[in-house]
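User: Hi! Could you walk me through the ligand site in this one? I'd like to get my bearings before going back to the bench.

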Amino acid sequence: MLVEKNVPLQPFNTFHIVAKAHALVRISSEDDVVKLLADPEWGPQAKFVLGGGSNVVFTRDVKPVVLKVEIKGRQLINQTEKNFIVEAGAGENWHEFVTWTLDQGWPGLENMALIPGTVGASPVQNIGAYGVELQDRFESLDAMDLQTGKTFSLNAAQCAFGYRDSVFKHGGSTSVGPHPLLGLKDRALILRVRFAIPKAWKPVLGYADIERKMSESHCTQPSARQIYDWVCAIRSAKLPNPAVIGNAGSFFKNPTVSAEQCADIIARDPKVVHYHLSDGSIKLAAGWLIDSCGWKGKSVGQAGVFERQALVLVNRGAGSDGNGATGGEVMTLAKAIQTSVYERFGILLEPEPVVL
Ligand code: EPU
(Lines give C-alpha, C1' and ligand atoms only; values in the text may rest on other atoms or scores of the structure.)
Protein backbone atom coordinates (compact mmCIF):
# COMPACT_ATOMS: atom_id res chain seq x y z
CA MET A 1 0.00 0.00 0.00
CA LEU A 2 1.43 3.35 -1.07
CA VAL A 3 0.56 6.38 1.05
CA GLU A 4 1.47 9.56 -0.83
CA LYS A 5 2.18 12.59 1.38
CA ASN A 6 1.42 16.29 0.73
CA VAL A 7 -0.35 15.59 -2.53
CA PRO A 8 -1.64 18.61 -4.54
CA LEU A 9 -5.41 18.19 -4.96
CA GLN A 10 -5.79 20.80 -7.71
CA PRO A 11 -5.78 18.16 -10.49
CA PHE A 12 -8.32 16.09 -8.54
CA ASN A 13 -11.12 18.66 -8.17
CA THR A 14 -13.06 20.13 -11.07
CA PHE A 15 -13.04 23.61 -9.44
CA HIS A 16 -9.21 23.45 -9.76
CA ILE A 17 -8.89 24.85 -6.23
CA VAL A 18 -5.39 24.66 -4.77
CA ALA A 19 -5.24 22.46 -1.66
CA LYS A 20 -3.16 19.56 -0.42
CA ALA A 21 -3.96 16.16 1.01
CA HIS A 22 -1.73 15.41 4.00
CA ALA A 23 -1.98 11.78 2.90
CA LEU A 24 -3.57 10.16 -0.14
CA VAL A 25 -4.08 6.50 -1.02
CA ARG A 26 -5.20 5.35 -4.45
CA ILE A 27 -7.87 2.66 -4.23
CA SER A 28 -7.89 0.35 -7.27
CA SER A 29 -9.60 -2.64 -5.67
CA GLU A 30 -11.56 -3.78 -2.66
CA ASP A 31 -8.34 -5.31 -1.36
CA ASP A 32 -6.68 -1.88 -1.26
CA VAL A 33 -9.35 -0.71 1.22
CA VAL A 34 -8.94 -3.86 3.33
CA LYS A 35 -5.17 -3.26 3.53
CA LEU A 36 -5.63 0.40 4.46
CA LEU A 37 -8.14 -0.40 7.21
CA ALA A 38 -5.82 -3.09 8.63
CA ASP A 39 -2.84 -0.74 8.71
CA PRO A 40 -1.97 0.20 12.33
CA GLU A 41 -0.97 3.77 11.40
CA TRP A 42 -3.52 4.71 8.72
CA GLY A 43 -6.44 2.39 9.53
CA PRO A 44 -7.74 4.29 12.59
CA GLN A 45 -7.44 7.77 11.01
CA ALA A 46 -10.36 9.83 9.69
CA LYS A 47 -10.93 9.30 5.96
CA PHE A 48 -12.34 11.27 3.05
CA VAL A 49 -13.53 9.44 -0.05
CA LEU A 50 -12.77 11.32 -3.29
CA GLY A 51 -14.28 10.35 -6.63
CA GLY A 52 -13.92 12.63 -9.65
CA GLY A 53 -13.80 15.72 -7.40
CA SER A 54 -16.73 17.24 -9.29
CA ASN A 55 -18.84 18.02 -6.25
CA VAL A 56 -16.39 19.31 -3.67
CA VAL A 57 -15.02 22.68 -2.53
CA PHE A 58 -11.69 22.56 -0.69
CA THR A 59 -11.38 25.51 1.72
CA ARG A 60 -8.18 24.22 3.35
CA ASP A 61 -5.69 21.38 3.17
CA VAL A 62 -7.36 18.06 3.86
CA LYS A 63 -6.41 16.39 7.14
CA PRO A 64 -8.36 13.13 6.81
CA VAL A 65 -6.63 10.49 4.68
CA VAL A 66 -7.92 10.95 1.13
CA LEU A 67 -9.05 7.70 -0.49
CA LYS A 68 -8.92 8.35 -4.22
CA VAL A 69 -11.24 5.79 -5.78
CA GLU A 70 -9.84 4.38 -9.05
CA ILE A 71 -11.71 1.05 -9.19
CA LYS A 72 -12.25 0.20 -12.87
CA GLY A 73 -14.25 -2.33 -14.88
CA ARG A 74 -17.61 -2.38 -16.67
CA GLN A 75 -19.61 -5.37 -17.82
CA LEU A 76 -23.02 -6.80 -18.52
CA ILE A 77 -23.55 -9.11 -15.55
CA ASN A 78 -27.11 -10.27 -16.07
CA GLN A 79 -30.25 -9.90 -18.13
CA THR A 80 -33.78 -10.13 -16.84
CA GLU A 81 -36.89 -10.20 -18.96
CA LYS A 82 -37.09 -6.41 -18.74
CA ASN A 83 -33.59 -5.13 -18.09
CA PHE A 84 -29.90 -5.33 -18.94
CA ILE A 85 -28.02 -5.34 -15.63
CA VAL A 86 -24.75 -3.52 -16.19
CA GLU A 87 -22.08 -3.11 -13.53
CA ALA A 88 -19.30 -0.52 -13.37
CA GLY A 89 -16.41 0.10 -11.00
CA ALA A 90 -16.76 3.22 -8.84
CA GLY A 91 -13.70 4.84 -10.43
CA GLU A 92 -15.05 4.71 -14.00
CA ASN A 93 -15.66 8.13 -15.56
CA TRP A 94 -19.44 8.69 -15.69
CA HIS A 95 -19.64 10.17 -19.20
CA GLU A 96 -17.38 7.48 -20.69
CA PHE A 97 -19.61 4.87 -19.06
CA VAL A 98 -22.75 6.45 -20.55
CA THR A 99 -21.10 6.52 -24.00
CA TRP A 100 -19.97 2.90 -23.65
CA THR A 101 -23.48 1.65 -22.73
CA LEU A 102 -24.84 3.39 -25.82
CA ASP A 103 -22.11 1.83 -28.00
CA GLN A 104 -23.01 -1.59 -26.59
CA GLY A 105 -26.65 -1.16 -27.62
CA TRP A 106 -28.02 -0.52 -24.11
CA PRO A 107 -29.54 2.95 -24.34
CA GLY A 108 -31.20 4.57 -21.34
CA LEU A 109 -28.57 6.80 -19.76
CA GLU A 110 -28.29 9.29 -22.65
CA ASN A 111 -30.14 12.14 -20.86
CA MET A 112 -27.37 12.06 -18.24
CA ALA A 113 -24.51 12.36 -20.75
CA LEU A 114 -21.64 14.72 -19.95
CA ILE A 115 -22.33 14.97 -16.21
CA PRO A 116 -18.85 15.34 -14.69
CA GLY A 117 -17.61 12.86 -12.10
CA THR A 118 -17.35 9.14 -11.52
CA VAL A 119 -19.76 6.21 -11.43
CA GLY A 120 -19.14 5.84 -7.68
CA ALA A 121 -20.22 9.40 -6.97
CA SER A 122 -23.39 9.11 -9.07
CA PRO A 123 -25.61 7.51 -6.37
CA VAL A 124 -24.26 9.79 -3.61
CA GLN A 125 -26.11 12.79 -4.95
CA ASN A 126 -28.51 10.91 -7.21
CA ILE A 127 -27.29 12.79 -10.27
CA GLY A 128 -29.87 13.77 -12.82
CA ALA A 129 -30.49 15.80 -15.94
CA TYR A 130 -33.15 16.40 -18.60
CA GLY A 131 -35.84 14.33 -16.93
CA VAL A 132 -33.82 11.26 -15.85
CA GLU A 133 -32.28 10.69 -12.44
CA LEU A 134 -29.82 8.01 -11.47
CA GLN A 135 -32.47 6.34 -9.30
CA ASP A 136 -34.55 5.68 -12.45
CA ARG A 137 -31.82 3.38 -13.79
CA PHE A 138 -30.28 2.10 -10.54
CA GLU A 139 -30.29 -1.56 -9.55
CA SER A 140 -27.93 -1.93 -6.57
CA LEU A 141 -24.42 -1.16 -5.35
CA ASP A 142 -21.65 -2.70 -3.29
CA ALA A 143 -19.83 -0.61 -0.71
CA MET A 144 -17.38 -1.10 2.10
CA ASP A 145 -18.04 0.03 5.64
CA LEU A 146 -14.95 2.05 6.53
CA GLN A 147 -15.43 1.35 10.23
CA THR A 148 -15.91 -2.41 10.16
CA GLY A 149 -14.18 -3.31 6.85
CA LYS A 150 -17.28 -5.29 5.82
CA THR A 151 -18.66 -5.21 2.30
CA PHE A 152 -22.41 -4.77 1.90
CA SER A 153 -24.93 -4.25 -0.88
CA LEU A 154 -27.79 -1.74 -1.05
CA ASN A 155 -30.85 -1.70 -3.27
CA ALA A 156 -32.59 1.51 -4.34
CA ALA A 157 -34.89 1.71 -1.31
CA GLN A 158 -31.92 1.29 1.03
CA CYS A 159 -30.09 4.14 -0.73
CA ALA A 160 -33.04 6.43 0.19
CA PHE A 161 -32.71 8.47 -2.97
CA GLY A 162 -34.20 11.95 -3.10
CA TYR A 163 -33.58 15.01 -5.26
CA ARG A 164 -29.75 15.27 -5.25
CA ASP A 165 -29.86 13.23 -2.05
CA SER A 166 -29.19 9.74 -0.67
CA VAL A 167 -28.25 7.88 2.50
CA PHE A 168 -24.61 8.73 1.67
CA LYS A 169 -25.23 12.43 2.35
CA HIS A 170 -26.56 11.95 5.87
CA GLY A 171 -24.72 11.18 9.08
CA GLY A 172 -26.05 9.28 12.08
CA SER A 173 -29.57 7.99 11.75
CA THR A 174 -31.67 9.54 9.03
CA SER A 175 -35.37 9.46 8.39
CA VAL A 176 -34.98 9.88 4.63
CA GLY A 177 -37.11 7.38 2.70
CA PRO A 178 -39.73 4.96 3.95
CA HIS A 179 -37.61 3.37 6.70
CA PRO A 180 -35.29 5.06 9.18
CA LEU A 181 -31.75 4.21 8.14
CA LEU A 182 -28.32 4.72 9.50
CA GLY A 183 -26.78 7.56 7.48
CA LEU A 184 -23.61 6.54 5.67
CA LYS A 185 -21.91 9.92 5.27
CA ASP A 186 -18.12 9.50 5.66
CA ARG A 187 -18.74 5.88 6.57
CA ALA A 188 -18.97 3.98 3.28
CA LEU A 189 -16.79 3.68 0.20
CA ILE A 190 -18.80 2.71 -2.88
CA LEU A 191 -17.00 -0.04 -4.81
CA ARG A 192 -19.33 -0.93 -7.71
CA VAL A 193 -22.69 0.24 -9.02
CA ARG A 194 -25.22 -1.85 -10.99
CA PHE A 195 -27.69 -0.30 -13.38
CA ALA A 196 -30.98 -1.73 -14.65
CA ILE A 197 -31.29 -0.50 -18.22
CA PRO A 198 -34.73 -1.20 -19.71
CA LYS A 199 -34.68 -3.42 -22.82
CA ALA A 200 -37.76 -1.62 -24.11
CA TRP A 201 -36.11 1.76 -24.66
CA LYS A 202 -38.35 4.81 -24.54
CA PRO A 203 -37.04 8.32 -25.13
CA VAL A 204 -37.41 10.72 -22.19
CA LEU A 205 -38.43 14.00 -23.81
CA GLY A 206 -40.50 16.87 -22.46
CA TYR A 207 -37.69 18.95 -21.03
CA ALA A 208 -37.81 22.46 -22.54
CA ASP A 209 -34.26 22.37 -23.96
CA ILE A 210 -34.83 18.95 -25.57
CA GLU A 211 -38.20 20.02 -26.99
CA ARG A 212 -36.46 23.03 -28.55
CA LYS A 213 -33.90 20.75 -30.24
CA MET A 214 -36.73 18.57 -31.55
CA SER A 215 -38.59 21.45 -33.13
CA GLU A 216 -35.39 23.03 -34.52
CA SER A 217 -34.44 19.78 -36.24
CA HIS A 218 -38.04 18.74 -37.13
CA CYS A 219 -37.31 15.40 -35.53
CA THR A 220 -40.29 13.87 -33.73
CA GLN A 221 -38.87 10.41 -32.99
CA PRO A 222 -35.26 10.86 -31.94
CA SER A 223 -32.96 7.89 -31.39
CA ALA A 224 -31.01 7.50 -28.15
CA ARG A 225 -27.88 8.64 -30.00
CA GLN A 226 -29.72 11.76 -31.18
CA ILE A 227 -30.78 12.60 -27.61
CA TYR A 228 -27.22 11.97 -26.41
CA ASP A 229 -25.91 14.39 -29.05
CA TRP A 230 -28.52 17.00 -28.11
CA VAL A 231 -27.78 16.71 -24.39
CA CYS A 232 -24.04 17.08 -25.09
CA ALA A 233 -24.75 20.14 -27.27
CA ILE A 234 -27.12 21.74 -24.71
CA ARG A 235 -24.70 21.19 -21.83
CA SER A 236 -21.71 22.44 -23.84
CA ALA A 237 -23.62 25.59 -24.76
CA LYS A 238 -24.77 26.55 -21.28
CA LEU A 239 -22.41 24.87 -18.82
CA PRO A 240 -18.68 25.56 -18.57
CA ASN A 241 -16.37 22.67 -19.41
CA PRO A 242 -14.51 21.94 -16.14
CA ALA A 243 -11.38 21.06 -18.12
CA VAL A 244 -11.28 24.70 -19.27
CA ILE A 245 -13.08 26.70 -16.54
CA GLY A 246 -13.09 25.25 -13.03
CA ASN A 247 -16.57 24.59 -11.63
CA ALA A 248 -18.67 22.00 -9.79
CA GLY A 249 -21.84 22.06 -11.91
CA SER A 250 -24.93 23.51 -10.26
CA PHE A 251 -23.76 25.06 -7.01
CA PHE A 252 -27.21 25.15 -5.36
CA LYS A 253 -30.18 22.81 -5.37
CA ASN A 254 -33.44 23.97 -6.87
CA PRO A 255 -35.55 24.78 -3.78
CA THR A 256 -39.00 23.34 -3.16
CA VAL A 257 -41.72 25.58 -1.73
CA SER A 258 -45.40 25.24 -0.84
CA ALA A 259 -48.10 26.39 -3.26
CA GLU A 260 -48.84 29.35 -0.92
CA GLN A 261 -45.19 30.45 -0.82
CA CYS A 262 -45.00 30.19 -4.60
CA ALA A 263 -48.20 32.20 -5.05
CA ASP A 264 -46.62 34.91 -2.88
CA ILE A 265 -43.50 35.00 -5.05
CA ILE A 266 -45.51 34.97 -8.30
CA ALA A 267 -47.52 37.95 -7.01
CA ARG A 268 -44.28 39.90 -6.73
CA ASP A 269 -42.33 38.28 -9.59
CA PRO A 270 -44.76 36.84 -12.16
CA LYS A 271 -41.90 35.50 -14.28
CA VAL A 272 -40.44 33.16 -11.63
CA VAL A 273 -39.60 29.81 -13.30
CA HIS A 274 -41.41 27.04 -11.39
CA TYR A 275 -42.46 23.42 -11.85
CA HIS A 276 -45.38 21.66 -10.15
CA LEU A 277 -44.41 18.42 -8.36
CA SER A 278 -46.71 15.43 -7.90
CA ASP A 279 -47.08 16.02 -4.13
CA GLY A 280 -48.52 19.53 -4.64
CA SER A 281 -45.30 21.35 -3.78
CA ILE A 282 -43.46 23.52 -6.30
CA LYS A 283 -39.85 23.52 -7.38
CA LEU A 284 -38.29 26.87 -8.25
CA ALA A 285 -35.38 27.35 -10.65
CA ALA A 286 -32.55 28.51 -8.38
CA GLY A 287 -30.68 29.78 -11.48
CA TRP A 288 -33.57 32.13 -12.19
CA LEU A 289 -33.70 33.39 -8.57
CA ILE A 290 -29.95 34.12 -8.59
CA ASP A 291 -30.08 35.63 -12.07
CA SER A 292 -32.93 37.95 -11.11
CA CYS A 293 -30.90 39.19 -8.14
CA GLY A 294 -28.35 40.38 -10.72
CA TRP A 295 -25.54 37.93 -9.96
CA LYS A 296 -24.64 36.74 -13.47
CA GLY A 297 -21.04 37.63 -14.25
CA LYS A 298 -20.29 38.97 -10.71
CA SER A 299 -17.16 37.89 -8.81
CA VAL A 300 -15.53 37.69 -5.41
CA GLY A 301 -11.79 37.56 -6.01
CA GLN A 302 -11.32 34.88 -8.65
CA ALA A 303 -14.60 33.12 -7.87
CA GLY A 304 -17.42 34.12 -10.18
CA VAL A 305 -21.00 33.49 -11.29
CA PHE A 306 -21.02 31.97 -14.76
CA GLU A 307 -22.31 34.37 -17.42
CA ARG A 308 -24.54 31.81 -19.16
CA GLN A 309 -26.02 29.96 -16.13
CA ALA A 310 -26.26 31.74 -12.78
CA LEU A 311 -26.52 28.45 -10.89
CA VAL A 312 -22.91 27.62 -11.71
CA LEU A 313 -20.03 29.20 -9.80
CA VAL A 314 -16.69 29.20 -11.60
CA ASN A 315 -13.01 29.61 -10.91
CA ARG A 316 -11.83 32.47 -13.11
CA GLY A 317 -8.16 31.84 -12.35
CA ALA A 318 -5.83 30.32 -14.92
CA GLY A 319 -5.55 26.53 -14.78
CA SER A 320 -2.45 25.31 -13.02
CA ASP A 321 -0.61 28.52 -12.06
CA GLY A 322 -1.95 28.50 -8.52
CA ASN A 323 -3.57 31.95 -8.97
CA GLY A 324 -7.12 30.71 -9.16
CA ALA A 325 -10.00 31.14 -6.73
CA THR A 326 -9.60 29.89 -3.20
CA GLY A 327 -12.29 27.78 -1.58
CA GLY A 328 -12.81 30.73 0.79
CA GLU A 329 -13.62 33.03 -2.14
CA VAL A 330 -16.06 30.50 -3.57
CA MET A 331 -17.83 30.20 -0.21
CA THR A 332 -17.88 33.99 0.36
CA LEU A 333 -19.54 34.39 -3.04
CA ALA A 334 -21.96 31.54 -2.29
CA LYS A 335 -22.95 33.13 1.04
CA ALA A 336 -23.47 36.56 -0.56
CA ILE A 337 -25.76 34.92 -3.15
CA GLN A 338 -27.67 33.08 -0.42
CA THR A 339 -28.17 36.32 1.51
CA SER A 340 -29.43 38.29 -1.47
CA VAL A 341 -31.82 35.52 -2.61
CA TYR A 342 -33.07 35.17 0.98
CA GLU A 343 -33.62 38.91 1.35
CA ARG A 344 -35.59 39.15 -1.88
CA PHE A 345 -37.53 35.84 -1.91
CA GLY A 346 -37.33 34.50 1.66
CA ILE A 347 -35.70 31.30 0.39
CA LEU A 348 -32.44 29.90 1.71
CA LEU A 349 -30.61 28.17 -1.14
CA GLU A 350 -28.87 24.92 -0.18
CA PRO A 351 -25.43 24.28 -1.70
CA GLU A 352 -24.95 21.02 -3.63
CA PRO A 353 -21.21 20.38 -3.21
CA VAL A 354 -19.47 19.02 -0.14
CA VAL A 355 -17.45 21.79 1.52
CA LEU A 356 -14.26 20.68 3.23
N1 EPU B 1 -32.52 30.25 -15.62
C2 EPU B 1 -32.41 31.62 -15.68
N3 EPU B 1 -31.18 32.17 -15.48
C4 EPU B 1 -30.09 31.44 -15.22
C5 EPU B 1 -30.19 30.05 -15.15
C6 EPU B 1 -31.43 29.45 -15.36
O7 EPU B 1 -33.39 32.31 -15.90
O8 EPU B 1 -29.01 32.02 -15.05
C9 EPU B 1 -33.81 29.61 -15.90
C10 EPU B 1 -33.75 28.94 -17.27
O11 EPU B 1 -34.09 29.80 -18.30
C12 EPU B 1 -34.79 27.84 -17.11
C13 EPU B 1 -34.69 27.49 -15.63
O14 EPU B 1 -34.05 28.58 -14.97
O15 EPU B 1 -36.07 28.32 -17.39
C16 EPU B 1 -33.95 26.19 -15.36
O17 EPU B 1 -32.66 26.23 -15.93
P18 EPU B 1 -31.98 24.91 -16.57
O19 EPU B 1 -32.91 24.27 -17.54
O20 EPU B 1 -30.64 25.32 -17.04
O21 EPU B 1 -31.89 23.89 -15.39
P22 EPU B 1 -31.50 24.06 -13.85
O23 EPU B 1 -32.73 23.86 -13.04
O24 EPU B 1 -30.76 25.32 -13.65
C25 EPU B 1 -31.06 21.53 -13.41
C26 EPU B 1 -29.97 20.72 -12.77
C27 EPU B 1 -28.80 20.54 -13.73
C28 EPU B 1 -29.32 19.83 -14.96
C29 EPU B 1 -30.45 20.66 -15.59
C30 EPU B 1 -31.12 19.93 -16.73
C31 EPU B 1 -30.09 21.14 -10.39
C32 EPU B 1 -29.50 21.84 -9.21
N33 EPU B 1 -29.51 21.39 -11.56
O34 EPU B 1 -30.51 22.82 -13.63
O35 EPU B 1 -27.85 19.71 -13.08
O36 EPU B 1 -28.29 19.65 -15.92
O37 EPU B 1 -31.49 20.91 -14.60
O38 EPU B 1 -31.84 18.84 -16.24
O39 EPU B 1 -31.05 20.40 -10.24
C40 EPU B 1 -25.88 19.72 -11.76
O41 EPU B 1 -26.55 19.18 -10.87
O42 EPU B 1 -24.66 19.99 -11.61
C43 EPU B 1 -26.52 20.11 -13.00
C44 EPU B 1 -25.90 20.78 -13.96
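User: Where does the ligand lie relative to domain 2 and domain 3?

Analyst: Happy to help! This is a predicted model. The ligand lies between domain 2 (74–198) and domain 3 (246–355), because both of them give residues to the shell around it.

User: And which pocket does the ligand sit in?

Analyst: The ligand sits in the largest pocket.

User: How many residues surround it, and which are the closest?

Analyst: There are 23 residues around the ligand, and the closest are Tyr130, Tyr163, Ser250, Asp291 and Ala310.

User: Nice. What is the mix of nonpolar, polar and charged residues in that shell?

Analyst: The shell has twelve nonpolar residues, along with five polar and six charged ones.

User: Which helices and strands each supply at least two residues of the shell?

Analyst: Those are helix H5 (224–238), strand S15 (246–250) and helix H7 (286–292). The largest share comes from H7, with three residues.

User: Let's switch to polar contacts. What does Tyr130 do with an oxygen atom of the ligand?

Analyst: A backbone N or O atom of Tyr130 lies 2.7 Å from a ligand oxygen.

User: And which side chains have polar atoms by a ligand oxygen?

Analyst: Gln309 has a side-chain N or O atom 2.9 Å from an oxygen of the ligand. Arg235 has a polar side-chain atom 3.3 Å from a ligand oxygen.

User: How much of the ligand does the protein bury?

Analyst: On its own the ligand exposes 810 Å², and the protein buries 83% of that.

Note on methods: Residues are numbered from 1 along each chain as its sequence is written. This is a predicted model: local features need pLDDT of at least 70, side-chain atom pairs count only at pLDDT 80 or more; totals for chains, interfaces and linings use all residues. Side-chain values use heavy atoms; hydrogens and water are left out. A residue is near a molecule or strand if one of its heavy atoms lies within 4 Å of it. A polar contact is a pair of N or O atoms within 3.5 Å; within protein, one must be able to donate a hydrogen and the other to accept it, and residues adjacent in sequence count only if both atoms are side-chain atoms. Accessible areas come from the Shrake-Rupley method with a 1.4 Å probe; for residues, only the protein chains shown count as cover. On a 1 Å grid over the protein atoms alone, a cavity is a set of points where a 1.4 Å probe fits but cannot get out, and a pocket is an open set with protein on both sides within 12 Å along at least five of seven lines; lining residues have an atom within 4 Å of a point. A molecule sits in a cavity or pocket if more than half of its atoms lie within 2 Å of its grid points. Helices (H or I, at least four residues) and strands (E, at least two) are DSSP runs, numbered from the N terminus. Ala, Val, Leu, Ile, Met, Phe, Trp, Tyr, Cys and Pro count as nonpolar, Asp, Glu, Lys and Arg as charged, and the others, Gly among them, as polar. Domain bounds come from an automatic or database domain assignment.
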